[in-house]
Amino acid sequence: MSAELWADVARKMNGHAYMEGVERPVDRVRATGEIFTPTALVAGMPAALPLERFAPGKTILDPACGDGQFLVAAKWVKILHYGLSEEAALRDIYGVDIMRDNVDLCRRRLGGGTIVMGNVLDPKAILEGQTEQDIDYMRRLFADESSDRFHAGDGRRRRLERDAARAGFVPLTLGI
Ligand SMILES: C[S@@+](CC[C@H](N)C(=O)[O-])C[C@H]1O[C@@H](n2cnc3c(N)ncnc32)[C@H](O)[C@@H]1O
């Protein structure tokens with residue numbers, strides 16, 4: 001990504017101050033690992049992912065999306081670099097988080113997208129605060145009715161990445 005494009009994306013993101021909008025006491029942060037990626041570091045994203053990964057129709061999934069730091073940047077790359085409308089860009093954007101308030105804040109920041117409350121390490125688990133739509137999306141995004149492999153220990157991160165890739169998603173981060 002060119003420095004100029006990144007500067008434009010960063011400008012769009014800076015309307016939202018780092019980790020603002022939800023109160024996160026220390027014990028909550030210890031339990032959830034809610035340390036979001038600073039905007040300046042989101043600039044490292046294109047080093048890991050070629051710009052073509054953000055092309056129209058390429059879906060982006062952040063399975064631990066927090067307040068949407070990566071997803072907001074991804075949306076603006078699609079708009080600023082590829083000329084997509086906001087509506088079209090949001091059709092490609094998917095996020096999951098275990099905390100209801102993060103899910104709601106992420107969706108608000110994005111202005112849409114498919115942002116789902118769920119536990120990616122146990123996608124079938126029903127969480128307090130999940131909507132019927134969340135439960136349905138978690139099944140569609142992750143569940144494999146034939147096995148309980150997400151409950152297995154070692155390697156589940158690799159399996160999540162593989163399954164997301166098979167489903168046509170780019171798993172941006174598994175930072176949980
Ligand atoms: C380190 S933050 C990363 C946020 C975002 N990807 C970023 O880079 O700014 C991890 C996020 O994962 C969420 N989380 C923790 N455990 C989770 C789980 N089992 N399933 C889904 N989300 C989870 C937390 O609520 C937190 O928002």
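Student: Which residues of E2 sit on one side and which on the other, and are they buried or exposed?
Tutor: In this predicted model, Ile-93, Gly-95 and Asp-97 lie on one side of E2. Tyr-94 and Val-96 lie on the other. All are buried, so both faces are covered.

Student: Why do the residues split that way?
Tutor: Side chains in a regular strand alternate between the two faces of the sheet.

Student: How many of the residues of E2 are buried?
Tutor: Five of its five.

Student: Which strands pair with E2?
Tutor: E1 joins E2 through three bridges, running parallel. E3 also pairs with E2 in the parallel sense, over four bridges.

Student: What are the bridge partners of Gly-95?
Tutor: Asp-62 is bridged to Gly-95 on the E1–E2 side. In E3, the partner of Gly-95 is Ile-115. From E2 the chain passes through H7 to reach E3, a right-handed β-α-β crossover.

Student: Switching to the core. How many residues are in the largest nonpolar one?
Tutor: It has 34 residues. Among those with the most contacts inside it are Leu-71, Ile-93, Cys-106 and Val-116.

Student: Which elements feed it?
Tutor: E1, H5, H6, E2, H7, E3 and H8 each give two or more residues. H5 supplies the largest share, seven residues.

Student: What does Leu-71 touch?
Tutor: Beyond its neighbours within four places in sequence, Leu-71 contacts Ile-60, Asp-62, Cys-65, Ile-93, Gly-95, Cys-106, Leu-110 and Gly-113.

Student: OK, the ligand. Which residues come nearest?
Tutor: Phe-36, Thr-37, Ala-64, Gly-66 and Gln-69, out of 23 around the ligand. H5 and E2 are the elements giving two or more residues to that shell.

Student: What is the shell like by class?
Tutor: Eleven nonpolar, nine polar and three charged residues.

Student: Where is Asn-119?
Tutor: In the loop between E3 and H8. Asn-119 touches Ile-98, Ala-125 and Leu-127, leaving out residues up to four places away in sequence. Ile-98 is 21 residues from Asn-119 in sequence, yet their C-alpha atoms are 5.2 Å apart.

Student: Why does Asn-119 count as partly exposed?
Tutor: Because 18 other C-beta atoms lie within 10 Å of Asn-119. Buried takes 20 or more, and exposed means 12 or fewer.

Student: And Leu-51, where does that sit?
Tutor: Leu-51 is in the loop between H4 and E1. It is partly exposed because it has 13 C-beta neighbours inside 10 Å. Lys-78 is 27 residues from Leu-51 along the chain, with 9.4 Å between their C-alpha atoms.

Definitions and conventions
Residues numbered from 1 in each chain as written. Predicted model: local features only at pLDDT ≥ 70, side-chain atom pairs only at ≥ 80, totals over all residues. Near = placed C-beta within 6 Å. Nonpolar A, V, L, I, M, F, W, Y, C, P; charged D, E, K, R; others polar. Contact = placed C-beta atoms within 7 Å. Core = buried A, V, L, I, M, F, W, Y, C linked by C-beta atoms within 7 Å. Pairing = 2+ DSSP bridges. Right-handed = clockwise from strand over helix to strand, strands pointing away.
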